[in-house]
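Got a minute to look over a fold? Have a scroll through this one, then we'll go through a few backbone oddities together.

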Amino acid sequence: MSFTILGTGSALPAQQVTNDQLSQIMDTSHAWIHSRTGIDSRPICRQETVTQLALEAARQALENAGVVPGELDYILCPTLVGDTITPSLACLVQEGLGAGCPAVDLNAACSGFLYAMDLARGLFAAGQVRRVLIVAAEKMSRLVDWRDRSTCVLFGDGAGAAVLGPGEDLLSLLVTAQGTSSPLRIAAPSGNCPYSQGEGGESYLAMNGQEVYRFAVGAIARDIPRALELAGVTPGQVDHLLLHQANLRILEAAQKKLGIPLEKYAVNIATHGNLSAVSVPLLLDEMNRSGRLRPGEILALCAFGGGLTTGAAVLRWRGTPTDK
Ligand code: ACO
């Protein structure tokens with residue numbers, strides 16, 4: 001027993017910040033950002049909290065799935081960090097929905113949605129759950145260093161959610177980790193213990209962009225063929241590729257290695273930037289709501305991020321749930 005996706009949802013902050021706006025507050029330009037990344041603008045929270053975005057995405061996904069909060073058996077929230085370190089974002093979502101099930105955050109950076117699907121697969125296989133809510137939510141604008149033009153222009157804020165039920169539509173899923181702190185790092189707050197010598201550093205994202213770039217292209221080219229092989233699906237049978245949106249050039253380089261036609265790639269980076277764990281479920285929701293997904297179509301998902309972590313999956317879109 002694996003699962004099927006019963007419904008999806010998403011939420012973005014109202015404020016959209018353009019490259020030209022960024023160029024008014026730092027030494028950058030639309031031409032540099034657009035040509036290096038494919039990003040033109042990104043949603044950035046003005047007042048919205050991570051919890052509010054996650055709740056809105058969760059409510060949409062529940063409605064889309066025809067599931068009420070009381071039916072949920074588990075809530076998983078992939079996020080780097082919610083509004084508070086504790087309670088977890090998942091507990092705040094549970095409270096906001098009025099659900100009564102276990103709820104926990106998990107941090108696999110941009111691969112978080114794939115890692116959450118992996119844990120959900122285990123819960124379904126154990127016969128422990130019938131309805132699982134995954135809500136990825138990130139406020140990257142709070143984690144980047146706005147004095148560092150090479151990283152702060154890349155990221156945005158948002159949430160993406162999916163409700164899962166029992167089914168056989170997860171055809172394969174693999175996750176990997178290659179622990180290393182050097183290419184991408186956000187230090188934890190160091191605290192004020194009078195007996196400790198904290199790291200003393202600031203808690204902002206630091207990244208070696210070129211190293212992450214090479215890792216990302218290699219991860220996509222390695223993990224998607226593996227996931228397809230595990231699923232018994234040929235590249236020609238894939239209808240849509242939903243890859244983490246980190247940089248348009250990463251997607252183009254990966255496309256050349258995979259040889260799957262460009263029109264099969266879902267791309268929203270121009271208006272969203274890098275939303276970390278939210279990228280993949282947001283693409284899924286946008287495609288679902290715009291009617292681009294048809295029952296039975298084959299989707300290949302892939303994400304890569306801090307850790308370094310990766311995840312890839314092959315899904316059939318909405319076969320018949322086994323208990324509906
Ligand atoms: N505007 C103008 N110039 C800039 C900017 C900017 N915003 N940022 C950097 N530059 C300059 C640099 O200072 C440098 O100038 P110099 O040559 O005079 O020293 C020049 O542009 C080139 O900088 P590079 O860092 O070499 O630029 P690069 O071509 O590598 O592009 C980028 C940088 C876009 C970050 C790219 O490396 C990338 O996309 N990497 C992958 C990032 C990624 O995938 N992250 C995903 C994981 S995130 C997560 O998991 C939380």
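**Backbone oddities**

Ser276 counts as buried, because its relative accessibility is 1% (buried means under 20% relative accessible area, exposed over 50%, partly exposed in between, with a 1.4 Å probe and protein chains only). This is a predicted model, where local features need pLDDT of at least 70, side-chain atom pairs count only at pLDDT 80 or more, and totals for chains, interfaces and linings use all residues. Residues are numbered from 1 along each chain as its sequence is written, and side-chain values use heavy atoms, with hydrogens and water left out.

Q: What is the phi of Ser276?
A: Most residues other than glycine have a negative phi. Ser276 sits in the loop between α9 (269-272) and α10 (279-289); helices (H or I, at least four residues) and strands (E, at least two) are DSSP runs, numbered from the N terminus. Its phi is positive, near 55 degrees.

Q: Is Ala109 buried or exposed?
A: Ala109 is found in the loop between β5 and α5 (112-125). Though not a glycine, Ala109 has a positive phi of about 50 degrees. Its relative accessibility is 11%, so Ala109 counts as buried.

Q: Which residue does a cis peptide bond join to Thr86?
A: Most peptide bonds are trans. Here omega is about 0 degrees, and the partner lies in the loop between β4 and α4. That partner is Pro87.

Q: Which residue follows α4?
A: Helix α4 covers residues 89-97, with Leu89 and Leu97 among its buried residues. The residue after α4 has a positive phi, near 75 degrees. That residue is Gly98.
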